Amino acid sequence: MAFLIILLRLIHIVAGAFWAGAAVAYFLYFEPTAKGLGPARSKFMQDLVGTHRYPVFMNTSSMLCILAGLALYWFSSNGLSVAWITSGPGLGFTLGSLAALAAFGIGFFGIRPRAERMGAVGAAMAKAGGPPTPEQGAELGRLEAEMHAFERWDVGLLVLSLALMAISRYLSF
Ligand code: HEM
(Lines give C-alpha, C1' and ligand atoms only; values in the text may rest on other atoms or scores of the structure.)
Protein backbone atom coordinates (compact mmCIF):
# COMPACT_ATOMS: atom_id res chain seq x y z
CA MET A 1 0.00 0.00 0.00
CA ALA A 2 2.78 2.43 0.93
CA PHE A 3 4.38 1.75 -2.47
CA LEU A 4 1.09 2.49 -4.27
CA ILE A 5 0.67 5.81 -2.41
CA ILE A 6 4.27 6.78 -3.19
CA LEU A 7 3.72 5.96 -6.87
CA LEU A 8 0.44 7.90 -6.99
CA ARG A 9 2.00 10.92 -5.25
CA LEU A 10 4.95 10.83 -7.64
CA ILE A 11 2.69 10.77 -10.70
CA HIS A 12 0.25 13.32 -9.23
CA ILE A 13 2.73 15.94 -8.13
CA VAL A 14 5.09 15.70 -11.13
CA ALA A 15 2.18 15.75 -13.63
CA GLY A 16 0.51 18.62 -11.70
CA ALA A 17 3.73 20.65 -11.78
CA PHE A 18 4.03 20.07 -15.56
CA TRP A 19 0.34 20.98 -16.15
CA ALA A 20 0.26 24.16 -14.05
CA GLY A 21 3.81 25.18 -15.08
CA ALA A 22 3.09 24.83 -18.80
CA ALA A 23 -0.21 26.75 -18.45
CA VAL A 24 1.50 29.63 -16.61
CA ALA A 25 4.43 29.67 -19.09
CA TYR A 26 2.02 29.79 -22.03
CA PHE A 27 -0.08 32.57 -20.51
CA LEU A 28 2.79 34.77 -19.31
CA TYR A 29 5.46 34.12 -21.96
CA PHE A 30 4.51 32.11 -25.09
CA GLU A 31 1.31 33.97 -25.91
CA PRO A 32 2.69 37.52 -25.53
CA THR A 33 5.83 36.49 -27.48
CA ALA A 34 3.69 35.01 -30.27
CA LYS A 35 1.57 38.18 -30.36
CA GLY A 36 4.67 40.27 -31.06
CA LEU A 37 5.72 38.11 -34.03
CA GLY A 38 3.21 39.62 -36.47
CA PRO A 39 2.70 37.45 -39.57
CA ALA A 40 5.17 34.81 -38.27
CA ARG A 41 2.79 34.15 -35.40
CA SER A 42 0.75 31.64 -37.35
CA LYS A 43 3.91 29.57 -38.06
CA PHE A 44 4.96 29.75 -34.40
CA MET A 45 1.55 28.47 -33.29
CA GLN A 46 1.50 25.72 -35.91
CA ASP A 47 4.95 24.53 -34.79
CA LEU A 48 3.99 24.66 -31.11
CA VAL A 49 0.75 22.78 -31.65
CA GLY A 50 1.55 20.54 -34.64
CA THR A 51 5.28 19.79 -34.52
CA HIS A 52 5.92 20.03 -30.80
CA ARG A 53 2.46 18.80 -29.72
CA TYR A 54 1.87 21.19 -26.86
CA PRO A 55 -1.82 20.09 -26.56
CA VAL A 56 -0.76 16.43 -26.21
CA PHE A 57 1.60 17.40 -23.38
CA MET A 58 -1.20 19.35 -21.66
CA ASN A 59 -3.78 16.57 -22.10
CA THR A 60 -1.39 13.89 -20.81
CA SER A 61 -0.13 15.82 -17.79
CA SER A 62 -3.60 17.03 -16.78
CA MET A 63 -5.16 13.56 -17.11
CA LEU A 64 -2.33 11.88 -15.14
CA CYS A 65 -2.56 14.53 -12.41
CA ILE A 66 -6.36 14.21 -12.15
CA LEU A 67 -6.51 10.40 -12.23
CA ALA A 68 -3.73 9.98 -9.64
CA GLY A 69 -5.27 12.85 -7.61
CA LEU A 70 -8.69 11.17 -7.54
CA ALA A 71 -7.09 7.91 -6.36
CA LEU A 72 -5.19 9.81 -3.62
CA TYR A 73 -8.44 11.54 -2.65
CA TRP A 74 -10.13 8.16 -2.29
CA PHE A 75 -7.33 6.80 -0.07
CA SER A 76 -6.86 10.01 1.97
CA SER A 77 -10.60 10.26 2.68
CA ASN A 78 -10.85 6.58 3.62
CA GLY A 79 -13.37 6.01 0.84
CA LEU A 80 -15.04 9.47 0.94
CA SER A 81 -15.59 9.66 4.72
CA VAL A 82 -17.59 12.81 5.58
CA ALA A 83 -15.49 13.34 8.73
CA TRP A 84 -12.33 13.69 6.59
CA ILE A 85 -13.99 15.78 3.87
CA THR A 86 -15.24 18.32 6.46
CA SER A 87 -11.89 18.47 8.33
CA GLY A 88 -9.36 21.23 7.57
CA PRO A 89 -7.19 19.13 5.24
CA GLY A 90 -10.30 17.53 3.69
CA LEU A 91 -11.87 20.90 2.85
CA GLY A 92 -8.58 22.23 1.49
CA PHE A 93 -7.92 19.21 -0.75
CA THR A 94 -11.59 19.16 -1.86
CA LEU A 95 -11.58 22.84 -2.87
CA GLY A 96 -8.18 22.39 -4.54
CA SER A 97 -9.49 19.38 -6.47
CA LEU A 98 -12.64 21.25 -7.58
CA ALA A 99 -10.51 24.19 -8.76
CA ALA A 100 -8.33 21.80 -10.80
CA LEU A 101 -11.39 20.04 -12.28
CA ALA A 102 -12.90 23.42 -13.24
CA ALA A 103 -9.58 24.40 -14.87
CA PHE A 104 -9.60 21.14 -16.83
CA GLY A 105 -13.20 21.80 -17.97
CA ILE A 106 -12.28 25.32 -19.12
CA GLY A 107 -9.29 23.96 -21.02
CA PHE A 108 -11.24 21.14 -22.64
CA PHE A 109 -14.50 22.91 -23.50
CA GLY A 110 -13.34 26.53 -23.76
CA ILE A 111 -9.73 26.70 -24.95
CA ARG A 112 -9.32 23.49 -26.99
CA PRO A 113 -12.12 24.07 -29.58
CA ARG A 114 -11.02 27.70 -30.10
CA ALA A 115 -7.38 26.70 -30.53
CA GLU A 116 -8.44 24.07 -33.09
CA ARG A 117 -10.52 26.66 -34.96
CA MET A 118 -7.58 29.10 -34.94
CA GLY A 119 -5.39 26.34 -36.37
CA ALA A 120 -7.93 25.68 -39.14
CA VAL A 121 -8.16 29.39 -40.05
CA GLY A 122 -4.33 29.66 -39.98
CA ALA A 123 -4.04 26.62 -42.28
CA ALA A 124 -6.61 28.13 -44.69
CA MET A 125 -4.63 31.39 -44.72
CA ALA A 126 -1.37 29.54 -45.38
CA LYS A 127 -3.01 27.63 -48.24
CA ALA A 128 -4.38 30.82 -49.81
CA GLY A 129 -0.92 32.35 -49.42
CA GLY A 130 -2.07 35.92 -48.80
CA PRO A 131 -3.00 38.10 -45.86
CA PRO A 132 -6.18 37.14 -43.94
CA THR A 133 -9.49 38.16 -45.47
CA PRO A 134 -11.47 40.68 -43.37
CA GLU A 135 -13.72 37.80 -42.17
CA GLN A 136 -10.70 35.67 -41.20
CA GLY A 137 -9.10 38.64 -39.44
CA ALA A 138 -12.30 39.34 -37.50
CA GLU A 139 -12.73 35.67 -36.57
CA LEU A 140 -9.12 35.36 -35.42
CA GLY A 141 -9.47 38.50 -33.28
CA ARG A 142 -12.65 37.18 -31.66
CA LEU A 143 -11.17 33.72 -31.02
CA GLU A 144 -8.03 35.26 -29.55
CA ALA A 145 -9.99 37.49 -27.14
CA GLU A 146 -12.21 34.59 -26.03
CA MET A 147 -9.23 32.28 -25.56
CA HIS A 148 -7.37 34.84 -23.50
CA ALA A 149 -10.37 35.25 -21.16
CA PHE A 150 -10.63 31.46 -20.71
CA GLU A 151 -6.87 31.17 -20.17
CA ARG A 152 -6.99 33.78 -17.41
CA TRP A 153 -9.56 31.68 -15.52
CA ASP A 154 -7.71 28.46 -16.29
CA VAL A 155 -4.38 29.72 -14.94
CA GLY A 156 -6.02 31.40 -11.93
CA LEU A 157 -7.80 28.18 -10.96
CA LEU A 158 -4.65 26.08 -11.42
CA VAL A 159 -2.61 28.40 -9.21
CA LEU A 160 -5.41 28.34 -6.61
CA SER A 161 -5.47 24.53 -6.79
CA LEU A 162 -1.70 24.32 -6.38
CA ALA A 163 -1.75 26.73 -3.42
CA LEU A 164 -4.52 24.74 -1.71
CA MET A 165 -2.74 21.43 -2.34
CA ALA A 166 0.44 22.93 -0.86
CA ILE A 167 -1.14 24.04 2.45
CA SER A 168 -4.13 21.74 3.04
CA ARG A 169 -2.31 19.04 4.99
CA TYR A 170 -1.56 21.62 7.73
CA LEU A 171 -5.01 23.25 8.00
CA SER A 172 -6.48 22.41 11.41
CA PHE A 173 -10.06 23.41 12.09
C1 HEM B 1 -8.77 16.75 -9.67
C2 HEM B 1 -7.61 17.23 -9.32
C3 HEM B 1 -6.87 16.90 -8.06
C4 HEM B 1 -7.19 16.02 -7.04
C5 HEM B 1 -8.40 15.12 -6.90
C6 HEM B 1 -6.12 16.10 -6.05
C7 HEM B 1 -6.05 15.40 -4.87
C8 HEM B 1 -5.00 15.41 -3.98
C9 HEM B 1 -4.94 14.70 -2.71
C10 HEM B 1 -6.07 13.86 -2.12
C11 HEM B 1 -3.72 14.93 -2.14
C12 HEM B 1 -3.22 14.38 -0.79
C13 HEM B 1 -2.38 13.18 -1.06
C14 HEM B 1 -1.95 12.49 0.20
O15 HEM B 1 -2.56 12.70 1.26
O16 HEM B 1 -1.00 11.69 0.13
C17 HEM B 1 -3.00 15.80 -3.05
C18 HEM B 1 -1.72 16.28 -2.82
C19 HEM B 1 -1.06 17.16 -3.62
N20 HEM B 1 -1.53 17.70 -4.81
FE21 HEM B 1 -3.35 17.37 -5.65
N22 HEM B 1 -5.20 17.00 -6.52
C23 HEM B 1 -5.61 17.52 -7.72
C24 HEM B 1 -4.96 18.46 -8.50
C25 HEM B 1 -3.71 18.97 -8.24
C26 HEM B 1 -3.02 19.93 -9.06
C27 HEM B 1 -3.59 20.56 -10.33
C28 HEM B 1 -1.80 20.16 -8.49
C29 HEM B 1 -0.68 21.03 -8.96
C30 HEM B 1 -0.87 22.05 -9.74
C31 HEM B 1 -1.72 19.34 -7.30
C32 HEM B 1 -0.62 19.30 -6.46
C33 HEM B 1 -0.56 18.55 -5.30
C34 HEM B 1 0.57 18.56 -4.38
C35 HEM B 1 1.86 19.37 -4.52
C36 HEM B 1 0.24 17.69 -3.32
C37 HEM B 1 1.10 17.34 -2.09
C38 HEM B 1 0.54 18.04 -0.86
C39 HEM B 1 1.10 17.47 0.45
O40 HEM B 1 1.79 16.46 0.45
O41 HEM B 1 0.83 18.07 1.51
N42 HEM B 1 -2.90 18.64 -7.17
N43 HEM B 1 -3.79 16.07 -4.14
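**Close-up views of a six-helix predicted model**

**View 1. Ala 20 and its partners across the sequence.** Ala 20 touches Leu 158, Val 159 and Leu 162, leaving out residues up to four places away in sequence. The model shown is predicted. Ala 20 lies in helix H1. Its partner Leu 158 is 138 residues away in sequence, yet the two C-alpha atoms are 5.9 Å apart. Ala 20 has 23 C-beta neighbours inside 10 Å and therefore counts as buried; the cut-off is 20 or more.

**View 2. The whole protein, for orientation.** The protein has six helices and zero strands. From the N terminus, the order of elements is α-α-α-α-α-α. Along the principal axes, the C-alpha atoms fill a box of roughly 60 × 30 × 20 Å. Of the 173 residues, 18% are buried. Take the contacts between residues at least 6 apart in sequence: 80% of them join residues at least 24 apart.

**View 3. Helix H1 and its bend.** H1 has 34 residues. From first C-alpha to last, H1 reaches 48 Å, close to the 50 Å expected at 1.5 Å a residue. A bend of about 45 degrees falls at Tyr 26. The buried residues of H1 are His 12, Ala 15, Gly 16, Trp 19, Ala 20 and Ala 23. They pack against H3 and H6.

**View 4. Helix H3 and its cover.** H3 has 23 residues, which should span 33 Å at 1.5 Å a residue. The end C-alpha atoms of H3 are 32 Å apart, so the span agrees with the expected value. Its buried residues are Met 58, Ser 61, Ser 62, Cys 65, Ala 68 and Gly 69. H1 and H5 are among the elements that cover them. After H3 comes Asn 78, with a positive phi near 50 degrees.

**View 5. The largest nonpolar core.** This core holds 19 residues. Trp 19, Ala 99, Ala 100, Ala 103 and Leu 158 have the most contacts inside it. H1, H3, H5 and H6 each give two or more residues to the core. H5 gives the most, with seven. Two of these core residues also appear in other views: Trp 19 is one of the buried residues of H1, and Leu 158 is one of the residues that Ala 20 touches.

**View 6. Contacts of Ala 103.** Ala 103 is among the residues with the most contacts inside the largest nonpolar core. Beyond its neighbours within four places in sequence, Ala 103 is in contact with Asp 154, Leu 157, Leu 158 and Ser 161. Leu 158 is thus shown twice as a partner: here with Ala 103, and in the first view with Ala 20.

**View 7. The shell around the ligand.** The ligand is surrounded by 25 residues. The closest are Gly 16, Gly 69, Ser 97, Ala 100 and Met 165. Helices H1 (2-35), H3 (54-76), H5 (88-128) and H6 (134-167) each give two or more residues to this shell. By type, the shell divides into 16 nonpolar, seven polar and two charged residues. Some of the closest residues recur in other views. Gly 16 is one of the buried residues of H1. Gly 69 is one of the buried residues of H3. Ala 100 is among the residues with the most contacts inside the largest nonpolar core.

Note on methods. Residues numbered from 1 in each chain as written. Predicted model: local features only at pLDDT ≥ 70, side-chain atom pairs only at ≥ 80, totals over all residues. Helix = DSSP H or I, 4+ residues; strand = E, 2+ residues; numbered from the N terminus. Buried ≥ 20, exposed ≤ 12 C-beta atoms within 10 Å, placed from the backbone. Contact = placed C-beta atoms within 7 Å. Near = placed C-beta within 6 Å. Nonpolar A, V, L, I, M, F, W, Y, C, P; charged D, E, K, R; others polar. Expected span 1.5 Å × (residues − 1). Core = buried A, V, L, I, M, F, W, Y, C linked by C-beta atoms within 7 Å. Bend = angle between axes of the 7 residues up to and from the residue.
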